[in-house]
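Student: Could you walk me through this protein? I would like to learn how to read its strands, core and pocket.

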Amino acid sequence: MAFNPIARGLSGLAERVAAPAIERPTLAQTVAARQRFFGVDAVDPDTGSVRADQAILTWFGCASFAVALGGTVLLLDAWVPRGVTSGYVPTTPTEVAALRPAAIFIGHGHFDHAADAGPIAQASGAVLYGTAEHCATARKQISESPEFPCEELGSASSLPGDRYDFELAEGLSVTAIRHIHSAPTSRHEGPDASDRVIPTPCVGDIRRYPPSLADAAHLARRLTDPEGGVLLYQFRTEHFTLTWHDSSGPLLDKAPEVVDVLRTLPASDVHVGAVQGYNQFFNGLRDPRTYIEALRPKVFVPNHHDNWLPLITARGEAFETPLGTELARIPGGPKLQMLLDPKDYVAPGRLAFSIRPHT
Ligand SMILES: [Zn+2]
């Protein structure tokens, strides 16, 4: 979601406070960052390589995760939430770049998903994946000449349900599916209806974590970055399937063809999906449930439900009960692995899964 009216309160700041570039990290910084994000035991202290027998997902706010999957380090989205607050998420783009991800996958181009993508890719040497517009936005985010590669998966005008398949590393395959952004639809009644979810904004975190000028300027600069299309990603190793998306659109109403495509994918071991969206005020968590029903996960992890912009958002605890209720409606539905802010930010081991064969 992006909230342009806030730009008025921040106008002018972006021009007055320059964005600092991120230095290329040293090996020692990479070892330290990986140990902090993935756990000391998961990282070789000499080489920085991560253990290959697990999928470790570490949340750093909104829909952004650092992932160690089968020995490869990835980012899903690239934004450290800040601007209305500072320090609520206990990391920085510099530390995230020090993770030296091999690849960064952008779900869509709004600031709350991609505002740090360009600087992190530039400093870390990661390959960016997204639509042509996501690539263009990321290049515009840095003042030096962009040197990072960006693999284009369609463009803003691609069609919902379009599919892209590729190998990221030996034994790690990726499927990207074009879907749609969250949006309000008219209220549904009847047996498929879901109760509205309307949390009270948790503005107290602005007082507890007051914003620095630099962070407010960062937000002001990136507020109007365009969506540029929305992509869902599935990552597969031989025995493990992870699916992630950073928005949940009203597929049943506006893109039922996407539901059909999602059903053709292998069932997910872990599904990390956006639960906050514009339709929660009209149709509750019906849209996230549509994705869950189509992806058939064993475990569901919510994202985009935290206090990433406290003028309009609340802490994730506001979603715990409605989400549990929604999942309970799915016959044979997934186990809920809740994430709560701020305690589950940069909490190594909170989401760690064996990727070995199930016995
Ligand atoms: Zn958005």
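Here is our conversation about it.

Tutor: Happy to help! This is a predicted model, where local features need pLDDT of at least 70, side-chain atom pairs count only at pLDDT 80 or more, and totals for chains, interfaces and linings use all residues. Residues are numbered from 1 along each chain as its sequence is written, and side-chain values use heavy atoms, with hydrogens and water left out.

Student: How many residues of strand β2 are buried?

Tutor: Strands here are DSSP runs of E with at least two residues, numbered from the N terminus, and buried means under 20% relative accessible area (1.4 Å probe, protein chains only). In a regular strand, side chains alternate between the two faces of the sheet. In β2, Phe 65, Val 67 and Leu 69 are buried on one side, and Ala 66 and Ala 68 are buried on the other. For β2, residues 65-69, the buried count is five of five.

Student: Which residue of β3 is the bridge partner of Ala 66?

Tutor: Two strands pair if DSSP finds at least two bridges between them. β2 pairs with β1 (residues 54-59) in the antiparallel sense over five bridges, and there Thr 58 stands opposite Ala 66. β2 also pairs with β3 (residues 72-76), again antiparallel and over five bridges. In β3, the partner of Ala 66 is Leu 75.

Student: Which glycine sits in the turn of the β2 and β3 hairpin?

Tutor: The β1 and β2 hairpin has five residues between its strands, with Gly 61 in the turn at a positive phi of about 105°. Between β2 and β3 there are two residues, and the one in the turn with a positive phi of about 60° is Gly 70.

Student: Which element gives the most to the largest nonpolar core?

Tutor: A nonpolar core is a set of buried Ala, Val, Leu, Ile, Met, Phe, Trp, Tyr and Cys residues joined through side-chain atoms within 4.5 Å. The largest has 69 residues, and Phe 38 and Phe 65 are among those with the most contacts inside it. With five residues, the element that gives the most to this core is β2.

Student: Which helix gives the most to the lining of the largest pocket?

Tutor: Helices are DSSP runs of H or I with at least four residues. α4 (93-98), α6 (117-124) and α9 (213-222) each supply at least two residues of the pocket's lining. A pocket is an open set of points on a 1 Å grid over the protein atoms alone, where a 1.4 Å probe fits, with protein on both sides within 12 Å along at least five of seven lines; lining residues have an atom within 4 Å of a point. With five residues, the top contributor is α9.

Terms used:
Buried < 20%, exposed > 50% of the residue type's maximum accessible area, 1.4 Å probe, protein only.
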